[in-house]
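Colleague: I should be grateful for a close look at the metal site of this model and the helix that contributes to it. Please set the site in the context of the parts of the chain around it.

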Amino acid sequence: MPMKIVKYPHPALRHPAKPVSLIDAALRKIVAEMFQLMYEHHGLGLAAPQVALPYQVFVMNPTGDPEQREHEQVFINPELSDPKGLVEAEEGCLSFPDLYQKVRRAKEVRVQAYDAQGRLIDRVVTDLEARIVQHETDHLHGKLFIDYFSPGAKLSSRAILEAFEKEHRRAQERGELPSDAELIRQLQALEKEAIVVG
Ligand code: NI
């Protein structure tokens, strides 16, 4: 099945992803497809749960420009620490098309992870990169940017979120999307595959 970005409230978005135990050609193929989809949808980052894969992997290119491949970064099993400062800025998410709201994030954060070649990454990222890294790492833990909305932002997003929920239910009624229970079973089956440890 071709990889595709799932939209809120697909259960993959709330399903905590498992750490990756083997970085191999199969994983690099997933990563390449994720970059492709990210560029097609004009994103700056994309996390594996957004393509219904329950693995701790995300890709990022802060330029969003497929011509600037040198800015591509892959983070596997990322861990964040040492957050510093707070900045509020408008944020969106490819799983919530056309929804943008202000979200407060650390201005700077340390990220430790592996890259697609299995090399250790240990960096301090700031500003836009820090925002993307925090947003995408949240995805790996089933946390979404809507969780940070202020009461005012929640209120002004209510209609669009309800529209997403309605569309999700309709797709299930039309048989274009399996039930939530079946989608969760699919995620659990993927977790048992070889590239992942429980
Ligand atoms: Ni997102």
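Modeller: What follows starts at the metal ion, moves along the helix that contributes to the site, and then turns to the surroundings.

The model is a predicted one. In it, the nickel ion is coordinated by three side-chain atoms, SG of C93, NE2 of H135 and NE2 of H139, at 2.1 to 2.2 Å. Written as a sequence pattern, the spacing of these donor residues is C-x41-H-x3-H. The pair C93 and H139 links distant parts of the chain, with their positions 46 residues apart: C93 belongs to the loop between β4 (87-91) and β5, whereas H139 belongs to helix α2 (residues 127-140). Both C93 and H139 are buried.

The two histidines of the pattern are separated by x3. In general, an α-helix has 3.6 residues a turn, so residues three or four places apart point the same way.

H139 deserves a closer description. Its relative accessible area is 1%, and because buried means under 20%, H139 is classed as buried. Apart from neighbours within four places in sequence, H139 is in contact with L13, A47, P49, Q50, C93 and L144. C93 thus appears both among the contacts of H139 and among the donors to the nickel ion.

Helix α2 as a whole is mostly covered, with 12 of its 14 residues buried. Among the buried residues are H135 and H139, together with E129, R131, E136 and D138. What of the length of α2? At 1.5 Å a residue its 14 residues should span 20 Å, and the end C-alpha atoms are 20 Å apart, so the two values agree. After the helix comes G142, with a positive phi near 75 degrees.

Strand β7 (residues 120-126) contains V125. At 0% relative accessibility, V125 counts as buried. Leaving out residues up to four places away in sequence, V125 touches A130 and V133, as well as K107, E108, V109 and V111. A130 and V133 are themselves among the buried residues of α2. V125 also lies 9.9 Å from P83, C-alpha to C-alpha, although the two are 42 residues apart in sequence.

The largest pocket offers a further view of α2. About 1400 Å³ of space lies in this pocket. Its lining comprises 49 residues, and K4, I5, V6, K7 and Q50 are those nearest its centre. Q50 is also one of the residues in contact with H139. At least two lining residues come from each of α1 (25-40), β4, α2, α3 and α4. The largest share, 6 residues, is supplied by α2.

Since α3 (residues 151-173) also contributes to that lining, its geometry is relevant here. Its 23 residues should span 33 Å at 1.5 Å a residue, and its end C-alpha atoms are 32 Å apart, which agrees. Even so, α3 has a kink of about 50 degrees, centred on R158. The buried residues of α3 are A153, S157, L161, F164, H168 and A171, and what covers them includes β5 (101-105) and α4 (180-191). L155, also in helix α3, is exposed, with a relative accessible area of 60%. L155 and P2 are 35 Å apart, C-alpha to C-alpha, and 153 residues apart in sequence. Just after α3, G175 takes a positive phi of about 80 degrees.

Some backbone details remain. Most residues other than glycine have a negative phi, and most peptide bonds are trans. D98, which is not a glycine, has a positive phi near 70 degrees. D98 is found in the loop between β4 and β5, the loop that also holds C93. Unlike the buried C93, D98 counts as exposed, at 64% relative accessibility. A52, likewise not a glycine, has a positive phi of about 60 degrees and is found in the loop between β1 (45-47) and β2 (57-60). The peptide bond from Y8 to P9 is cis, with omega near 0 degrees, and P9 is found in the segment before α1.

In sum, the nickel ion is held by C93, H135 and H139, and the helix α2 that contains H139 also gives the largest share of the lining of the largest pocket.

Definitions and conventions: Residues numbered from 1 in each chain as written. Heavy atoms only, no water. Helix = DSSP H or I, 4+ residues; strand = E, 2+ residues; numbered from the N terminus. Expected span 1.5 Å × (residues − 1). Bend = angle between axes of the 7 residues up to and from the residue. Buried < 20%, exposed > 50% of the residue type's maximum accessible area, 1.4 Å probe, protein only. Contact = heavy atoms within 4.5 Å. Donors = N, O, S within 2.8 Å, 3.2 Å for Na, K, Ca; no water. 1 Å grid on protein atoms, 1.4 Å probe; cavity = no way out; pocket = protein on both sides within 12 Å on 5 of 7 lines; lining within 4 Å. Points joined across faces, edges and corners; volume = space filled by probe spheres on them.
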